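Me: I would like to learn how to read a structure file of this kind. Please show the case and take me through its features in turn.

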Amino acid sequence: MNAGLDRARRRSKGASTLSLLQLLAGGEGLRPSDLAEQLGVHPSLITRQIQELEDSGYVSVSANPDDARSLLVSLTPAGVQEQRRLREVGLDRFALFVAEWTPEEVRTLAALLEKLEQSKAAVAAQERSPTARPQPHMTRRRPRRAVEAG
C-alpha cells in the first residue's frame, strides 16, 4: 500500500506539497529528517521538495540554533496561503467525489479513515521502537480477494 501512496504522491505534486505544508503548519520549524520520517519517505525526496518550495517562496530554511549541523524548515506567509489554497482544492474535489453519497456513508468513510490513521500511527510507533518485534496482529497479510460467483 505504501508503494501506491508513493506513486500517487509522485503523480500529484499538489498532494505531496500539501502533506509537507500541513506538517510545517503544525510546527515551529522542523528538520528535514523529521519531515521525511513523518511522511514516510526517503530523506532525499524531502530535500528536493524543500528546495522546490524554497525556490517558490513557500518555505524558508535556516540553521538550527540547537544543532549547527542541521537545518530547520518553516512556512513563509506565502506557504501558509498555498497550504490553505491546496486544502480548499482538495476539499472541493472530495465534495465532488461524495456528492451522491448519503450523510451516513460520508460519516462511515470518515470514521474508517480515522481508524486507518490510528492504525498507521500505531504501526509506525511499533516499527520505530528499538525492541520492535512483529506482533501477531501486526504481521503483513495479503488482502483477501472476493471470490467471483460463477
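Reply: Start with a definition: helices are DSSP runs of H or I with at least four residues, and they are numbered from the N terminus. The model here is predicted.

Me: What separates Glu 82 and Arg 85 in helix α5?

Reply: About one helical turn, because the two are three residues apart in α5. They also form a salt bridge, with the closest N and O atoms 2.9 Å apart.

Me: Why can such side chains pair?

Reply: Side chains of opposite charge can pair when their charged atoms come close. In this structure there are five salt bridges. Another joins Arg 107 and Glu 104, at 3.2 Å from N to O. Arg 107 and Glu 104 lie three residues apart in helix α6 (residues 103–128), so about one helical turn lies between them. Arg 31 and Asp 34 make a further bridge, the closest N and O atoms being 3.0 Å apart.

Me: Is Glu 82 buried or exposed?

Reply: The cut-off for buried is under 20% relative accessible area, and exposed begins over 50%. Glu 82 has 11%, so Glu 82 is buried. Its partner Arg 85 is partly exposed, at 43%. In the bridge between Arg 31 and Asp 34, Arg 31 is partly exposed at 30%, and Asp 34 is partly exposed at 23%. Glu 104 is partly exposed too, with a relative accessible area of 45%.

Me: Which residues are buried in helix α3?

Reply: Leu 35, Ala 36 and Leu 39 are buried in α3, which covers residues 32–39. Viewed down the axis of α3, its buried residues fall within an arc of 100 degrees, so they line one face of the helix. Gly 40 follows α3 and has a positive phi, near 70 degrees.

Me: Which residues form a nonpolar patch on the surface?

Reply: Phe 94, Leu 96 and Phe 97 form one, and together they have about 340 Å² of accessible area. Leu 96 is in helix α5, residues 77–97. At 65% relative accessibility Leu 96 counts as exposed.

Me: How is the whole chain put together?

Reply: The protein has six helices and two strands. Along the sequence the pattern reads α-α-α-α-β-β-α-α. Of the 150 residues, 19% are buried. The accessible surface comes to about 11,700 Å², and carbon and sulfur atoms hold 54% of that area. Among contacts with a separation of 6 or more, 44% join residues 24 or more positions apart.

Me: Where is confidence lowest, and where is it highest?

Reply: Where pLDDT is low, the predicted coordinates should not be read in detail. For this protein the average pLDDT is 82, and 79% of the residues score at least 70. Confidence is lowest in helix α1 (residues 2–11), with a mean of 47, and highest in strand β1 (residues 59–64), at 94.

Me: How many contacts beyond four places in sequence does the model have for residues 4–11?

Reply: Four, and pLDDT stays under 50 over those residues.

Key: Residues are numbered from 1 along each chain as its sequence is written. This is a predicted model: local features need pLDDT of at least 70, side-chain atom pairs count only at pLDDT 80 or more; totals for chains, interfaces and linings use all residues. Side-chain values use heavy atoms; hydrogens and water are left out. Patches are made of residues with over 30% relative accessible area and no salt bridge: like charges are joined within 9 Å, nonpolar side chains (Val, Leu, Ile, Met, Phe, Trp, Tyr) within 5 Å. Accessible areas come from the Shrake-Rupley method with a 1.4 Å probe; for residues, only the protein chains shown count as cover. A salt bridge is a side-chain nitrogen of Lys or Arg within 4 Å of a carboxyl oxygen of Asp or Glu. Buried means under 20% relative accessible area, exposed over 50%, partly exposed in between (1.4 Å probe, protein chains only). The arc is that of the directions from the helix axis to the C-beta atoms. pLDDT is the predictor's confidence in each residue, from 0 to 100. Contact means heavy atoms within 4.5 Å.
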